[in-house]
Amino acid sequence: MSAKRTALVTGANRGIGLETAKRLAQTGLRVVLTSRLGVDAEKEAKKLAAEGLDVLPEELDVASEDGAEALAKKLAKASVHVDALVNNAGVYPQRGVLDAPLESFRDALEVNFWGALRTIRAFVPAMVRAGYGRIVNVSSGSGSFGEGLEGPAPYCASKVALNALTVKLAQELRGDIKVNSVCPGWVRTRMGGTGADLAVEESVDTILWLATLPASGPSGGFFRDREPIPW
Ligand code: NDP
């Protein structure tokens, strides 16, 4: 295996995903910067490449049935092996159990749960074969029963489901392959809004840590500020 690791980040054209892609590249990884629209990935990757960073743009709509699988095949053909996967792409449909359109529940689950599941199933088997992998599911305190599931119902339900995926996958994985959930905190992005606590630059430390954990690091956990938080 080459010494240089490769990380793939979903929803990396803006917000937390873009910052994660940039900072992973700055630590010396090659980054596959993916976005729902290929043109956005190209645009952001070009800027990072101009800073000397090793970034490969790719289109990945995580809501598409076979997008992740097709991308995994394309990258494998180009001898690009993904060592770390950051499932960051997310949507934030509003309202409650009784008043949110059913479509909002479908949308939230489609991107926040199914999107991560499809991407995991596309990329983790090769990690298993290689004996190394780091999977980071960007979740939220809104997916924590222990923190009261605060937030809109479709979003909370989708992040709870994502967290279940973290635990179940950790139970299945053997060897030096780790999967964890992370809450980045409340962050000033399009999703978080302008009144949020954290600048985007302050929000990715735990994601970077989990994406590059040493072999002695945790798996099957849920973290904020590098500390465990309740499910
Ligand atoms: P943004 O709204 O700024 O960014 C969301 C990203 O997800 C965009 O790049 C968007 O792409 C992408 N995305 C949405 N749907 C798809 C799709 N079908 N396929 C691929 N990409 C898609 O949000 P944040 O950066 O704030 O959020 C990133 C993650 O962090 C999310 O999972 C969110 O739930 C989580 N989080 C955020 C918090 C916050 O306070 N901001 C708090 C807790 C968790 P496009 O531009 O094409 O729409």
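In this predicted model, a polar atom of the Ser-35 side chain lies 3.0 Å from the backbone nitrogen of Ala-41. Ser-35 belongs to strand β2, which spans residues 30-35. Its relative accessibility is 0%, so Ser-35 counts as buried. The cut-off for that class is under 20%. Beyond its neighbours within four places in sequence, Ser-35 is in contact with Asn-13, Asp-40 and Ala-41. The list of contacts also includes Glu-58, Glu-59, Leu-60 and Asp-61. Ala-41 thus appears both in the polar pair and among these contacts.

A second serine, Ser-203, sits in a loop. That loop runs between β6 (176-182) and α6 (205-211). Ser-203 has 4% relative accessibility and therefore counts as buried. A polar atom of its side chain lies 2.7 Å from the backbone oxygen of Val-200. With residues up to four places away in sequence set aside, Ser-203 touches Ile-16, Pro-184, Val-187 and Leu-198.

Two helices pack against each other. Helix α3 covers residues 67-77, and helix α4 covers residues 102-130. Their axes are 8 Å apart and meet at an angle of about 25°. Angles under 35 degrees count as roughly parallel, and α3 and α4 are therefore roughly parallel to each other. The crossing of α3 and α4 is right-handed. On the α3 side, the contact involves Ala-68, Glu-69, Leu-71, Ala-72 and Leu-75. On the α4 side, Arg-118, Thr-119, Arg-121, Ala-122 and Phe-123 take part. By class, the contact of α3 with α4 has 6 nonpolar, 1 polar and 3 charged residues.

Backbone angles come next. Most residues other than glycine have a negative phi. Leu-149 has a positive phi, near 45°. Leu-149 lies in the loop between β5 (132-138) and α5 (153-172). At 27% relative accessibility, Leu-149 counts as partly exposed.

Asp-225 also has a positive phi, near 50°. Its place is in the loop between β7 (222-224) and β8 (227-228). The relative accessibility of Asp-225 is 58%, so this residue counts as exposed. The cut-off for exposed is over 50%.

Note on methods
Residues numbered from 1 in each chain as written. Predicted model: local features only at pLDDT ≥ 70, side-chain atom pairs only at ≥ 80, totals over all residues. Heavy atoms only, no water. Helix = DSSP H or I, 4+ residues; strand = E, 2+ residues; numbered from the N terminus. Buried < 20%, exposed > 50% of the residue type's maximum accessible area, 1.4 Å probe, protein only. Polar contact = N/O pair within 3.5 Å; in protein donor to acceptor, adjacent residues only side chain to side chain. Contact = heavy atoms within 4.5 Å. Axes fitted to C-alpha atoms, helices over the stretch in contact; angles between N-to-C directions. Parallel < 35°, antiparallel > 145°, perpendicular 65-115°, else oblique. Left-handed = near helix turned anticlockwise from the far one by under 90°. Nonpolar A, V, L, I, M, F, W, Y, C, P; charged D, E, K, R; others polar.
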